[in-house]
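Open the model in your viewer and keep the selection box at hand. The tour goes from the whole chain down to single residues.

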Amino acid sequence: MEHLAPGPPKAKKPAPTVFCYICGRQFGSKSIEIHQKQCLKKWHLENDKLPKSQRRPEPIKPEIIRTGGKIDHEAMNEAMWEASKAQLIPCEWCGRRFAPGRLEVHQKSCTKENPAKQVPKK
Ligand SMILES: [Zn+2]
Ligand SMILES: [Zn+2]
């Protein structure tokens, strides 16, 4: 006997998202591979434009973390996120960390004479 479930189709699980270890943004697990290739290219372009003092070593892709034989996505995401944070450059005046393009914008208002005030976190 054919079984037809009444009501709307069961909601699919949301696509698992993965952090890009280079830029720290989230992507679907299917698009992350494609993105990371492009992201790394972009990273190199950006890095080459930076003054030598701000250049960073190439981001290292975190190893796959497994818990009980299964990939531990949560731990992986945390590792990816941490790795991406290492890519941020600290502002020499206020100490906050920025992506290379952002730092430039930020330092228009944050200077040695007048460093930006830290925004207190609530
Ligand atoms: Zn990325
Ligand atoms: Zn600053």
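Start with everything selected. Of the 122 residues in the protein, 25% are buried. Keep in mind that this is a predicted model. Switch on a surface: the accessible area is about 10,100 Å², and carbon and sulfur atoms account for 57% of that.

Now go to cartoon view. You should find three helices and six strands. Walk from the N terminus and the order reads β-β-α-β-β-α-β-β-α. Next, consider contacts between residues at least 6 apart in sequence: 29% of them join residues at least 24 apart.

**Stop 1: the annotated spans**

Select residues 16-45 and 87-116. In an unreviewed entry, UniProt lists both under "domain: C2HC/C3H-type". Take residues 16-45 by themselves. Helix makes up 47% of this span and strand 20%, and the end C-alpha atoms lie 29 Å apart. Then switch to residues 87-116. Here helix makes up 23% and strand 13%, with the end C-alpha atoms 21 Å apart.

**Stop 2: the zinc ion (ligand 1)**

Which atoms coordinate the zinc ion (ligand 1)? Select ligand 1 and show the side chains around the ion. The donors are SG of Cys 20, SG of Cys 23, NE2 of His 35 and SG of Cys 39, at 2.0 to 2.3 Å. The arrangement is tetrahedral because the four donor atoms subtend angles of 106 to 115° around the zinc ion. Along the sequence, these donor residues are spaced C-x2-C-x11-H-x3-C.

Click through the donors. Cys 20 has 0% relative accessibility, so it counts as buried. Cys 23 has a relative accessible area of 32%, which makes it partly exposed.

Now pick His 35. This residue sits in helix α1. Its relative accessibility is 10%, so His 35 counts as buried. Leave out neighbours within four places in sequence, and His 35 is in contact with Cys 20, Cys 23, Arg 25 and Phe 27. Draw a distance from His 35 to Ile 22. Their C-alpha atoms are separated by 10.0 Å, with the two residues 13 apart along the chain.

**Stop 3: the largest nonpolar core**

Stay in this region and select Val 18, Phe 19, Cys 20, Tyr 21, Ile 22, Phe 27, Ile 32, Cys 39, Trp 43, Met 76, Met 80 and Ala 83. These 12 residues form the largest nonpolar core. Which elements supply at least two residues each? Colour β1 (17-19), α1 (32-49) and α2 (73-85): each of them does.

Zoom in on Phe 19. Beyond four places in sequence, Phe 19 touches Gly 24, Arg 25, Gln 26, Ile 32, Gln 36, Asn 77, Met 80 and Trp 81.

Hop from Phe 19 to Gln 36, which belongs to helix α1. Is Gln 36 buried or exposed? At 7% relative accessibility, it counts as buried. Show what surrounds Gln 36. Not counting residues up to four places away, Gln 36 touches Phe 19, Cys 20, Tyr 21, Ile 22, Lys 61 and Met 80.

**Stop 4: the zinc ion (ligand 2)**

Select ligand 2. The protein donors of this zinc ion are Cys 91 (SG), Cys 94 (SG), His 106 (NE2) and Cys 110 (SG). They lie 2.0 to 2.4 Å from the ion. The site of the zinc ion (ligand 2) is tetrahedral, with angles of 102 to 116° among its four donor atoms. Its donors follow the spacing C-x2-C-x11-H-x3-C along the chain. Check burial at Cys 91 and Cys 94: both are buried.

**Stop 5: Ile 89**

End on Ile 89. You will find it in strand β5 (residues 89-90). Ile 89 has a relative accessible area of 7%, so it is buried.

What is Ile 89 in contact with, leaving aside neighbours within four places in sequence? Show Leu 50, Gln 54, Arg 56, Arg 96, Arg 97, Phe 98, Pro 100 and Leu 103. Finally, draw a distance from Ile 89 to Gly 101. These residues are 12 apart along the chain, and their C-alpha atoms are separated by 9.9 Å.

Note on methods:
Residues are numbered from 1 along each chain as its sequence is written. Chains are lettered from A and ligands numbered from 1 in the order in which they are written. This is a predicted model: local features need pLDDT of at least 70, side-chain atom pairs count only at pLDDT 80 or more; totals for chains, interfaces and linings use all residues. Side-chain values use heavy atoms; hydrogens and water are left out. UniProt positions are given in the numbering used here, feature names are shortened, and annotations may be inferred rather than shown by experiment. Helices (H or I, at least four residues) and strands (E, at least two) are DSSP runs, numbered from the N terminus. A nonpolar core is a set of buried Ala, Val, Leu, Ile, Met, Phe, Trp, Tyr and Cys residues joined through side-chain atoms within 4.5 Å. Buried means under 20% relative accessible area, exposed over 50%, partly exposed in between (1.4 Å probe, protein chains only). Contact means heavy atoms within 4.5 Å. Donors are N, O and S atoms within 2.8 Å of the metal (3.2 Å for Na, K and Ca); water is not among the atoms, so sites may look incomplete. Four donors count as tetrahedral if all angles lie between 85 and 135 degrees; four count as square planar and six as octahedral if opposite donors are over 155 degrees apart and all others between 65 and 115; anything else is irregular. Accessible areas come from the Shrake-Rupley method with a 1.4 Å probe; for residues, only the protein chains shown count as cover.
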